[in-house]
Each structure stands twice: as structure tokens, then as C-alpha cells.
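Reader: Hello! I am new to this structure and would love a close look at a single part.

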Amino acid sequence: SPGYQGAAFVCQPWWQALATLLLARALSRLILFPFAEVQHYMPEHMPELQPAAGQEEWAVCQLRTTANLRFANPLARLLDFLMFHGDSYQVVHHLWPAMSFVNLRKASDIVKSACEEYGFPYNEVGYWEGYAKIFRQVQVNSVPSVATARAPREEHDLCKISGHHLE
């Protein structure tokens with residue numbers, strides 16, 4: 001929190017406080033990366049692969065494009081609950097954003113069971129599997145394909161709306 005970070009600058013030399021702050025931010029980003037990226041960006045399930053507009057219910061879209069982080073270790077589940085307030089239960093959070101984090105795990109079990117019963121998607125990704133997915137996404141998207149590199153920009157521009165180009 002900014003208050004504690006500001007207090008760190010008062011209680012120690014500025015250079016030491018800055019180094020500590022930067023190290024803490026870098027470590028937290030590494031630890032939380034699968035939470036933010038994998039749970040919200042699943043290209044194999046994104047809109048370009050969904051049925052034509054108007055054919056898919058909002059809840060089904062949330063189920064298809066969101067994933068929970070799967071923790072096998074009870075300590076990891078406890079840390080998720082205490083420190084991140086159940087952020088690993090993104091599927092239920094997207095369906096009911098105002099639900100208390102205390103109820104996310106129980107609701108997740110119910111939704112997962114209902115999805116299995118009715119044949120709806122329910123995505124779960126392991127923590128290290130999340131890092132592997134992110135690494136593959138970076139590899140795929142960091143180097144343009146030969147066809148994309150040679151094609152005119154107009155044909156492959158995804159930012160066109162009604163014939164107007166968005167810069």
C-alpha cells in the first residue's frame with residue numbers, strides 16, 4: 001500500500017527504500033503474473049473463435065474466456081485465500097463480481113459441477129502451466145509471421161471499425 005511504501009522512505013535512506021520498493025514490486029509481479037495474464041487472456045478461447053455475434057450467452061462467454069488457477073498444494077490455497085482473497089477463482093468472480101471472497105471456493109465447486117453436468121466449459125490452469133502458456137504466447141506473438149510481414153497493413157489491421165482506422 002502507498003502508506004507503508006511512503007513510510008519506508010522516512011525510516012531508511014532513500015536509496016535503500018527505493019531498492020526495497022523496486023525489488024518488492026518486481027517479485028510481486030513475477031508471483032502474480034499467472035493471476036493477471038492467464039486468467040484473463042486465453043487466446044485459444046477468445047472472441048475470434050466464438051460463434052457469430054448474438055449466438056452466445058454472456059455467462060457462457062465468461063466461462064469460455066476465463067480460467068481459475070489450480071493449486072494442488074494446501075499452503076498455496078491458504079496463501080491465495082489470505083493474501084489474494086481468492087483471486088484464483090476468476091470464473092466465479094467474473095460471473096458474480098460482488099460475491100465475498102469467503103464464498104468463492106464453495107461457489108466454484110458448484111459452478112464446476114454444473115458445467116460438467118450441462119456440458120459448459122470450465123477452465124482451470126496450474127500455476128506453472130500458466131507460466132508455460134505465457135511463455136508460448138510471447139514466443140508466438142513476438143516474431144511476425146512471413147505472411148504478416150509481407151502483407152499490406154490494411155488487410156491485417158484489427159483496429160478497423162466501420163471503415164475507420166483507429167490509431
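Reader: Which residue follows α4, and what is the sign of its phi?

Author: Happy to help! This is a predicted model, where local features need pLDDT of at least 70, side-chain atom pairs count only at pLDDT 80 or more, and totals for chains, interfaces and linings use all residues. Residues are numbered from 1 along each chain as its sequence is written, and side-chain values use heavy atoms, leaving out hydrogens and water.

The residue after α4 is H85, and its phi is positive, near 55°. Helices here are DSSP runs of H or I with at least four residues, strands are runs of E with at least two, and both are numbered from the N terminus. The helix itself covers residues 74-84. At its N-terminal end, N73 acts as the cap, with a side-chain oxygen 2.6 Å from the backbone nitrogen of L75.

L75 also belongs to a nonpolar surface patch together with L78, L79, F81, L82, M83 and V102, with about 670 Å² of accessible area in total. Such a patch joins nonpolar side chains (Val, Leu, Ile, Met, Phe, Trp, Tyr) within 5 Å, from residues with over 30% relative accessible area and no salt bridge, that is, no side-chain nitrogen of Lys or Arg within 4 Å of a carboxyl oxygen of Asp or Glu. Areas come from the Shrake-Rupley method with a 1.4 Å probe, and for residues only the protein chains shown count as cover.

M83, which lies in α4, has a relative accessible area of 53% and is exposed; exposed means over 50%, buried under 20%, and partly exposed in between. In the chain as a whole, buried residues make up 25% of the 167 residues.

Key
Patch = residues over 30% accessible without salt bridge, like charges linked within 9 Å, V, L, I, M, F, W, Y side chains within 5 Å. Buried < 20%, exposed > 50% of the residue type's maximum accessible area, 1.4 Å probe, protein only. Polar contact = N/O pair within 3.5 Å; in protein donor to acceptor, adjacent residues only side chain to side chain.
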